[in-house]
Amino acid sequence: MTKEKTKSIKAVSLISGGLDSLLSTKLLIDQGIHVEGINFFTGFCVEGHTHAIRKQKKDRPKRNNALWVAEQLGVKLHIIDVIEEYRDVLLNPKYGYGKNMNPCLDCKGFMVKKAKEWMLDNDFDFIITGEVIGQRPMSQRKQTMPMIQKDSGADDLLLRPLCAKHLEPTRPEIEGWVDRRKLLDLSGRNRKPQMALAKKFGFHDYATPAGGCCFLTDKQYSDKLVDMWESRGNREYELDDLMMLKVGRHIRPNERYKMIIAREEGEVKFLEGYRNQYTNLYPTSCKGPLALIDGKPNQKDLKMAARILARYSQGRTRERVDVEVRLESGVLQQFSVQPLSVEEVSQDWMI
Ligand code: SF4
């Protein structure tokens with residue numbers, strides 16, 4: 001049924017924090033549509049948390065880019081926690097994984113489905129995304145884009161403003177809620193048209209994540225996730241586990257334990273918050289990082305962990321370094337160890 005012209009048309013926009021969702025939302029706002037943003041927190045998102053931890057990349061502002069996009073556009077942003085529901089998407093993806101542990105096609109279908117539920121609950125009319133045909137190998141291909149519409153149940157209420165002209169007209173276009181002529185025909189991996197458009201709209205400083213909107217596209221992160229599952233013998237996880245995989249240098253000398261060594265001050269501070277939950281160690285005779293231990297190390301393992309930690313401390317060239325180990329039970333142990341030499345640190349331990 002055609003909506004009366006007098007009724008304001010409302011669209012919910014999936015906002016990841018990247019340039020594409022910024023532009024697609026802007027195009028619709030400029031057509032007089034009332035748009036509100038929605039951002040799903042899966043636990044793997046690049047946004048939030050670790051953005052604020054490390055001190056590196058001082059030139060880049062610390063911020064949640066989804067909120068920044070909403071602020072730039074002057075729209076309301078609804079951040080929705082989907083950590084629990086997302087487990088099934090990650091663990092049992094119907095379409096499998098991309099290059100790493102990213103189940104992009106299932107993930108997009110899931111997010112659009114959740115956006116549709118939100119749309120119905122909040123009396124909105126349609127959904128928009130920043131997808132561009134041919135931009136991503138898994139979820140943004142000509143063959144897979146209709147699958148997202150179908151699997152999510154959004155069907156013709158899903159509009160992709162940046163590449164709409166390459167696709168069949170959707171209901172918002174057919175009904176005249178949106179002027180199809182003002183939508184775009186972007187395609188492929190070339191980002192220059194988006195950058196030009198951003199310039200035209202006066203957006204600077206937007207985020208340009210290399211891999212995608214979450215850590216699952218990152219090889220190192222995916223390796224750490226798989227290593228965690230393998231070492232535990234199951235694929236369960238808590239939010240704290242996911243956060244921990246984003247922080248520090250991860251070293252697994254054997255199957256019994258893994259060390260998470262802070263790489264800089266911001267990470268030391270972050271890991272300090274977990275000292276009561278994990279066995280942890282730190283050098284006491286020189287400056288050096290804090291390390292947490294995940295697993296069940298024996299005494300020999302603890303001594304080796306102290307030697308590894310000494311390697312990453314400022315006492316690495318000394319004969320001996322004192323290391324204090326605080327067990328999960330709160331019991332303290334002291335070690336005086338010889339720092340491991342470069343040759344003794346096996347590359348096979350690095351996750
Ligand atoms: S990059 Fe991550 S959040 Fe984005 S579609 Fe893929 S799995 Fe989902």
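The following legends describe an overall view and several close-up views of a predicted model.

**Figure 1. Overall fold and dimensions of the predicted protein model.** The protein comprises 351 residues, of which 54% count as buried. Its secondary structure consists of 11 helices and 11 strands. The C-alpha trace extends about 80 × 40 × 35 Å along the principal axes. Among contacts with a separation of 6 or more, 65% are made by residues 24 or more positions apart.

**Figure 2. Surface and charge of the protein.** The accessible surface amounts to about 17,200 Å², and carbon and sulfur atoms contribute 49% of that area. There are 57 positive and 48 negative side chains. The centres of these two sets are 5 Å apart.

**Figure 3. Aromatic pair of phenylalanine 44 and tyrosine 221.** The structure contains 11 aromatic pairs. In the pair formed by phenylalanine 44 and tyrosine 221, the ring centres are 6.1 Å apart and the planes meet at 90°, an edge-to-face arrangement. Phenylalanine 44 belongs to the loop between β2 (34-41) and α2 (65-73), whereas tyrosine 221 belongs to helix α8 (residues 219-232); the pair thus links distant parts of the chain, 177 residues apart. Phenylalanine 44 has a relative accessibility of 0% and counts as buried because a residue under 20% is placed in that class. Tyrosine 221, at 2% relative accessibility, also counts as buried.

**Figure 4. Aromatic pair of phenylalanine 44 and tyrosine 237.** Phenylalanine 44 forms an edge-to-face pair with tyrosine 237, with 5.7 Å between the ring centres and 70° between the planes. Tyrosine 237 is located in the loop between α8 and α9 (239-245) and phenylalanine 44 in the loop between β2 and α2, so the pair ties together parts of the protein 193 residues apart in sequence. The relative accessibility of tyrosine 237 is 1%, and this residue therefore counts as buried.

**Figure 5. Aromatic cluster containing phenylalanine 44.** Phe44, Tyr86, Phe110, Phe215, Tyr221, Trp229 and Tyr237 together form one aromatic cluster. Both partners of Phe44 shown in the preceding views, Tyr221 and Tyr237, are members of this cluster.

**Figure 6. Arginine side chains over aromatic rings.** The charged end of arginine 87 is positioned over the ring of tyrosine 237, at 4.5 Å from the ring centre. The charged end of arginine 235 is positioned over the ring of tryptophan 229, at 5.4 Å from the ring centre. Both rings, those of Tyr237 and Trp229, belong to residues of the aromatic cluster.

Terms used
Residues are numbered from 1 along each chain as its sequence is written. Side-chain values use heavy atoms; hydrogens and water are left out. Helices (H or I, at least four residues) and strands (E, at least two) are DSSP runs, numbered from the N terminus. Buried means under 20% relative accessible area, exposed over 50%, partly exposed in between (1.4 Å probe, protein chains only). Contact means heavy atoms within 4.5 Å. Accessible areas come from the Shrake-Rupley method with a 1.4 Å probe; for residues, only the protein chains shown count as cover. Lys and Arg count as positive and Asp and Glu as negative; His and the chain ends are not counted. The place of a charge is taken as NZ of Lys, CZ of Arg, CG of Asp or CD of Glu. Rings of Phe, Tyr and Trp (its six-membered ring) pair if their centres lie within 6.5 Å; planes under 30 degrees apart count as stacked, over 60 as edge-to-face and the rest as tilted. A charge sits over a ring if NZ of Lys or CZ of Arg is within 6 Å of the ring centre and within 35 degrees of the ring normal.
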